Each structure stands twice: as structure tokens, then as C-alpha cells.
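Trainee: I would like to go through this structure with you and ask, term by term, what justifies the words we use for it.
Mentor: Gladly; let us look at it together and set each value against its cut-off.

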Amino acid sequence: MYHNTLIQKNHPEQESLEKVIELVLGFVEADSIYFSSQVEDGLNDGILIVIIGENSPHYWDDVYEYSWKIFHNYPQFSFRIFDSSWVKEEIENGNLFYVMHCNSDTLVYSSTESCDTLYPESIKLKRFLKNARSRYRIEDECAFTISLNVKYYKKGKNYLQAAYTLHQSIRCLFISASWFLTGEWLVLKSLAKQQEHISKFSQTLGRLFNMEDEKECLLMEQLDNACAAVQGNQRIPEIDLAIIEAVEAKLDPMRKEVLRLFEICISRCENVFFQKSPAVIELEDSNPQQLLAKIITGFIETRAIYCFGQRTSSYVQNSVVVQKDNSPIENTHFYLLVFVEKYLDNATADIIDIVKTKTNGRYTATILMHSKKSLQAKSGDQQYFFFQIMQQGQLIFKNVAKPAILHCDKIPSRNIKSTTNYLQQRNLIVNTLMEHENFENKGATKVNTVFKHLIVEQISLGLIRLFLGYTPQHYSLGFLFDLCEHFTFLTAEIFPRKTEKDKALFRTLANGTSFLRYGAADTIDFSNYEILRNRCDEFAQRASELTKNELERIQNKNNTLNN
């Protein structure tokens, strides 16, 4: 049967996963299949792990050999095939790989004969982590102890033995990392094969020797030749002090990188044990921010959530027909910046609706949702906006295994020139729309209202970029107005949404160009259109004044800083 834990209709790899699982099952009598994310970002879309049952007629090494064609056609995945008895034995020995990647949350296929003995519920945490740390410590100390002899061989100018010792130390570290990153280790003596094996699971270790650099390739080849000369009595390669020092420079960073990856894997395993993936920062049950975090993380795979503002309002609901408590009803509106693994269309609007519905309107939110790719964009206004919130906003959720990290060489700053150009383009569009708007034609009220919608949208985008340095990815008027209310009451004052009449007028204005596809061109009452026209004209005039004042303020501030 298929487990829809990951293969959902909105899962970004749904189609590819279903195809590759179907192919694997055509070749292999799989007991279970797991799909899990890599320890490091940027390698590929994830790891597909196939577990073969004890009753399989084929050994898992043989299956791996004849399944290479499947793997070759799906480079976006890393593949692992293991025998179930091997997995159980490795878990007993503290292998982190199987707890990280083979659990109930990552299961995408299981046969009717499969069992749940791989799940962390059947493992004793303290003993497991103790075994894992003990195994890592032994291999790390082994690599370190071996490398201590290099300095003596250098003093005696015995560069062959120095190269051989470095080879053995690096090979030991490759084996140590392969154990918890790939689920197995290779006994091969070739460092080239060891690096190729681990390159699908670690970018840094996979580029320890740059295979595109001829000098680096020669360096690795000399180490392998030194090993062959010492162990196999083969031809002694030409090795000098420069080669030894070049390899030595790689050893300590490699050891530190293996330790870093091991600690990440330990943390990720602890998250699995304690069901902290994703992990919400502990808050009281009554805290609304915890509720918002649960709603968002339950809807989409999330890296981090920051709250950068909130506003509270209250109203009294009176009725002469229905007897109700006339005490004020309070609403708290939150402004949230959400970083997700992969951006999904309409996810922002869906989550906003869910928050409002589940809290019965008590809590609402403006959600700025961005994928991890947004964190890697070039420096500019958007990066400045992210930096300000990540530095000063309240972190209400953090995915420990996949944190949101802003990639920037220096502290981002406002790009006034870019902002000014953006405002000029918005003004150009607004002026063009105003020129084509037919104010006198009462038979085209629907068309003119759509013009007003576009004008107000462009003005709002300009204000948001100017005041926040932010460019939205969601464009409904309600969303834009809520975001504008974070820095000005202009939208709330000119376009109120309190009474039923105001709400009806706003819904009319909020209709986009699709509004023109149905019905006649004069379906909007002219008196209602006049109200909207006056409000939009006032908004355009006052927003222009607001923009001018804010631009002057920013430019004066920059001039002061530069002087």
C-alpha cells in the first residue's frame, strides 16, 4: 500500500516519486520504501531508500547493481538499497542514517508483510545515541592518531610514508562519514571511489579534492599510488614536501566538517525521537502565536516563522432580534514572515482563510511566504527587509534540521535607486490607466471599476516597496491593504471594511480583470461606482503626498549617514 505521508497531490515531487517507486517495485521485491530529505541542502530533492525483506531471493548488493538504470534516469534523487536484517543490525549499533530517514513520517510504500521495527518507537534513545557517539569517537580518534605520525615522516623526509599515513587518515574519515550519511561504508582503498560515494550526500566532502582541477586529481592519485606502493609493493610514486603539505591542509577542515555533519545528524535523530520535526518553540497553549505556527506547519513544510508586528481591534455586536452578550469582541491581526521548503501556489490565501476560520475571527494574519531560494537572492531591498525581520522580529518557529539562513556577505541596505525606479514604473502604469479611464460613460461602470482596482493595486505595491523595502508575491487587495496598514492608516481610513455597505463596496473594488468575463458592462450601480471613484481618487492623491514625504525622509537619512 502507499502511505500518503509525503506523496500528496500538492507534494512537489509527487509525479516523479510515484513513477520511480513503480519502476523500483517492477525490479525489486521491496519490503518498504522511504523518501527523506538530505542532511544538506542543494544536493538534490531527497533520498529514496528501498528495504528488501528477509524472504527476497536476491541479495541487496546484487539488486543495487542491476538497478543502476533506474537511478541514472532520476538524478534528482539519491538511492539506497538495503537488506532489512542489515538495517536492524546497524540500528542496534547506533547508525543514525536509519533513524533519520526510515521512520513513520518518511514511509511512502510498505508491503503487507512489512513491520514497523524500524520506527524509533522501538529504539531506546539513550542507548542508541550512546552507541552512535561511541562509534564516531572511535573512528575520529583513529583518524587523528594515524595523522600524528606525519610530522615525524616529514622530518625524516620519508614522504612516501607521510603520504600513505595521510591516505589512511582521510580514508578513515570518509568511512566514518559514510556510515551515518549513506547508511553503509566502502572498504575500498581508493580515495577517488570513497569521495564519489559520499558526494551524493555531502557537498563539502564530495569536493574535498576538486576533480575538475588537474592538480587536485593528481594529488589524489599520488595518495592512492602511495597506498598501493606500501601495501602492494608497487611502483613508488614521486612525492615531495609540497604534496604532503597540500594534503595536510585538507585534513583538519575535513575532520571538522565530519564532526559538524555528525552533530546535525544527532540533532535530527533527536527531533525524530521527540517528534520535533518540525519543532515549534515551546509556548503556552493559550498563546495565539503557537496556534498560528501549528496551523502553518501543518499545512506546508516550514523552515521558520517570524512575527514582525500585530494590531488589536475590538467591536461590539448588537442585535434587536437575537439576544447576545454585548461585551466587546477582540481581534488580533498578526504580521508573519514564513520561510518554506518549496512555495506552493495559493498557499498564502489558503492559510489566511484557515487561521480566520479556525479561530472564529479572533485571530487573523497577513502572511508573507517565501521559499528557501528567496534567502539566496542577490542583496537588495528584499534582503534588507528579510534581515530586519530576522534580526528584530520574534522567532515563533524554527525547523532545527532545516533552519532559514540568509545568505549575504555584508549587512543588506536599502537600494534607493532601485526603489525610485520601481515607484516610477508604478506611477507610469497608474497614469496610463487614468488616461484611458472613461469617467463619463455610465454604461461602462464595471470596466471603470476594474481600472480603479488596477490603479489602487499599483499604488499599494509602490507604498509597500517604499516603506518596507518589500515586493509581495500575493496581490489581492485585501492582502495589500492589510500590509499597508502595518505602516499607515491610509487604506483603512479611505477604504473602511467595518459596515456591511463598506464591505460590499470593497468586494466590488476587489474584483480583478476576470470580473469582465461575465455579464454586462454596466452591472455596477453608478452611485456605488461614484463612491468608489471618489475614494480611489482620494487614495491616489494622499498616497502621492505620503510617497513624496517618505522619499525625502529616506534620502535625508542616507545623506546624513554618508556625511
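**Reasoning from values to terms**

Mentor: We are looking at a predicted model, and a convenient place to start is A349, which lies in helix α14, residues 347-358.

Trainee: Why does A349 count as partly exposed?

Mentor: The relative accessibility of A349 is 24%; buried would require under 20% and exposed over 50%, so A349 falls in between and is called partly exposed.

Trainee: How far apart are the C-alpha atoms of A349 and F479?

Mentor: Although A349 and F479 are 130 residues apart along the chain, their C-alpha atoms are separated by 8.8 Å.

Trainee: Why are α18 and α20 called roughly perpendicular to each other?

Mentor: Helix α18 (residues 477-484) and helix α20 (residues 500-510) pack at an angle of about 115°, with their axes 10 Å apart. The range for roughly perpendicular runs from 65 to 115 degrees, and therefore α18 and α20 are given that description.

Trainee: Which residues make this contact, and how many of them are nonpolar, polar or charged?

Mentor: From α18 come L477, G478 and F481, and from α20 come F506, L509 and A510. By class, five are nonpolar, one is polar and none is charged; Gly counts as polar, so the polar residue is G478.

Trainee: What makes β3 and β4 the edge strands of their sheet?

Mentor: The open sheet has four strands in the order β3-β2-β1-β4, with mixed pairing, and β3 (77-83) and β4 (107-110) each pair on one side only. Neighbouring strands of this sheet are turned by 15° against each other on average, direction ignored.

Trainee: How do you know that β1 and β4 pair?

Mentor: Pairing requires at least two bridges, and three bridges join β1 (residues 30-36) to β4, so the requirement is met; the two strands run antiparallel. Within β1, residue I33 has Y109 of β4 as its bridge partner.

Trainee: Which residues have the most contacts inside the largest nonpolar core?

Mentor: That core has 60 residues, and those with the most contacts inside it are L96, F128, I170, F180 and L181. Among the elements that each supply at least two of its residues are β2 (46-52), α8 (159-182) and α12 (241-273). Leaving aside residues up to four places away in sequence, I170 touches L191, L208, F209, L223, V247, L251 and M254. A second, separate core has 44 residues, including L368, L406, I455 and L480.

Terms used. Residues numbered from 1 in each chain as written. Predicted model: local features only at pLDDT ≥ 70, side-chain atom pairs only at ≥ 80, totals over all residues. Heavy atoms only, no water. Core = buried A, V, L, I, M, F, W, Y, C linked by side-chain atoms within 4.5 Å. Buried < 20%, exposed > 50% of the residue type's maximum accessible area, 1.4 Å probe, protein only. Contact = heavy atoms within 4.5 Å. Axes fitted to C-alpha atoms, helices over the stretch in contact; angles between N-to-C directions. Parallel < 35°, antiparallel > 145°, perpendicular 65-115°, else oblique.
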